[in-house]
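Here is a set of exercises to work through with the model open beside you. Try each task before you read its solution.

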Amino acid sequence: VIFHLAGRSHIRGSQENPFAAFEANARTTYTVLEVCRRSLPDLRAVVVASSNHTIGPQTTWPATEDAPLNQRDVYGASKICADVITQCYGQTLGVPAVALRHVNCYGPIDPHASHLVTMCLLACLKGEAPILRNRGTARKSYLYVDDVVSAYLLLAEHGKALAGQSFWAADAPVSVWDVASTAMRVAGIPGDPVVRETDLDQAGYYEALDSSRLRALGWAPRTTLAEGMRTTLDWYRKHDGMAWLDR
């Protein structure tokens, strides 16, 4: 079994260097899958990391796996390429490949201080209220790392039976304000998040994904947002915030 998780994961960095993004997200995917096709006839499954960022604007929510993938920024387009390449190898080239389109993953050892959950928790570690760059009304789903891992393992277990398919893994959408407020609550920080409206393009953002297909296989999120954030906060406390990156 192979889990292909490598890629360029930063949206802004992908926009600044599109060639590197397509090399990392598209080319590596067909390279891995081609090696599987040529050299690993006994392979039981290869699970490829896709992304919720492939979905883009929709007229109907929640979106199923059959909804059009409408995202057209560089990162989203590069992940759409990887997703479709995985479907191609699974449906027409005999590789037991399946793609997992999971939402924002958070938890210990996240090296991206700009990610919402990590940013909020790091602010709370300093005794400060998180600073939001928008009104906090944007809503989408977040999954604790253990729940993401369980989704990967489940798809690997089913292997060839799922070849060429893509699956959403998501929980109910929550607002940015609720994420920041939950971080403050689990950290014991009084008051409310600070709103500085410098990123108004996200003010009305909404994303809801239908995980019925994956849930029918037995998957479901086991960790609430508060539980996951409390565990993550404890980890960062023990490791002095992001200082572990310099060790």
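**Exercise 1.** Is R27 buried, partly exposed or exposed?

*Solution.* Before starting, note that this is a predicted model, in which local features need pLDDT of at least 70, side-chain atom pairs count only at pLDDT 80 or more, and totals for chains, interfaces and linings use all residues. Residues are numbered from 1 along each chain as its sequence is written, and side-chain values use heavy atoms, with hydrogens and water left out.

Step 1: take the cut-offs, where buried means under 20% relative accessible area, exposed means over 50%, and partly exposed lies in between (1.4 Å probe, protein chains only).
Step 2: R27 has a relative accessible area of 42%, so R27 is partly exposed.

**Exercise 2.** Find the salt-bridge partner of R27, and describe how the two residues are placed in their helix.

*Solution.* Step 1: apply the rule for a salt bridge (a side-chain nitrogen of Lys or Arg within 4 Å of a carboxyl oxygen of Asp or Glu).
Step 2: the partner is E23, with 3.0 Å between the closest N and O atoms.
Step 3: both residues belong to helix α2 (residues 18-39), 4 residues apart, which means about one helical turn between them. Helices here are DSSP runs of H or I with at least four residues, strands are runs of E with at least two, and both are numbered from the N terminus.
Step 4: an α-helix has 3.6 residues a turn, so residues three or four places apart point the same way.
Step 5: E23 is partly exposed too, at 27% relative accessibility.

**Exercise 3.** How many salt bridges does the rule give, and how does the pair E34 and R37 compare with the cut-offs for burial?

*Solution.* Step 1: the count comes to 7 salt bridges.
Step 2: E34 and R37 form one of these, with their closest N and O atoms 2.5 Å apart.
Step 3: the two sit 3 residues apart in helix α2, about one turn of the helix.
Step 4: E34 has a relative accessible area of 16% and is buried, whereas R37, at 40%, is partly exposed.

**Exercise 4.** Describe the salt bridge between D234 and R237, then name the residues of the network that includes E34.

*Solution.* Step 1: the side chains of D234 and R237 meet at 3.6 Å, N to O.
Step 2: these residues are 3 apart in helix α8 (residues 225-238), about one helical turn.
Step 3: D234 is partly exposed at 34%, and R237 is partly exposed at 45%.
Step 4: for the network, salt bridges with shared partners join E34, R37 and R38.

**Exercise 5.** What are the distance, angle and handedness of the crossing of α4 and α6, and which residues meet there?

*Solution.* Step 1: two packed helices are described by the angle between their axes and the distance between the axes.
Step 2: the axes of α4 (residues 116-125) and α6 (residues 176-187) come within 9 Å and cross at roughly 35°. The axes are lines fitted to C-alpha atoms, for helices over the stretch in contact, with angles running from 0 to 180 degrees between N-to-C directions.
Step 3: the crossing is right-handed, that is, the near helix is turned clockwise from the far one by less than a right angle (anticlockwise would be left-handed).
Step 4: using contact (heavy atoms within 4.5 Å), L116, V117, C120, L121 and C124 of α4 meet V176, V179, A180, A183, M184 and A187 of α6.
Step 5: by class, this contact has 11 nonpolar, no polar and no charged residues. Ala, Val, Leu, Ile, Met, Phe, Trp, Tyr, Cys and Pro count as nonpolar, Asp, Glu, Lys and Arg as charged, and the others, Gly among them, as polar.

**Exercise 6.** Why is α4 described as largely enclosed by the rest of the structure?

*Solution.* Step 1: 9 of the 10 residues of α4 are buried, so the helix is largely enclosed.
Step 2: T118, M119 and A123 are among the buried ones.
Step 3: the buried residues pack against β4, β5 (131-132), β7 (142-144), α6 and α8.

**Exercise 7.** Where do I109 and D240 lie, and what is the phi of each?

*Solution.* Step 1: I109, in the loop between β4 (104-106) and α4, has a positive phi near 65° without being a glycine.
Step 2: D240, in the segment after α8, has a positive phi of about 55° and is not a glycine either.
Step 3: I109 is partly exposed at 46%, while D240 is exposed at 56%.
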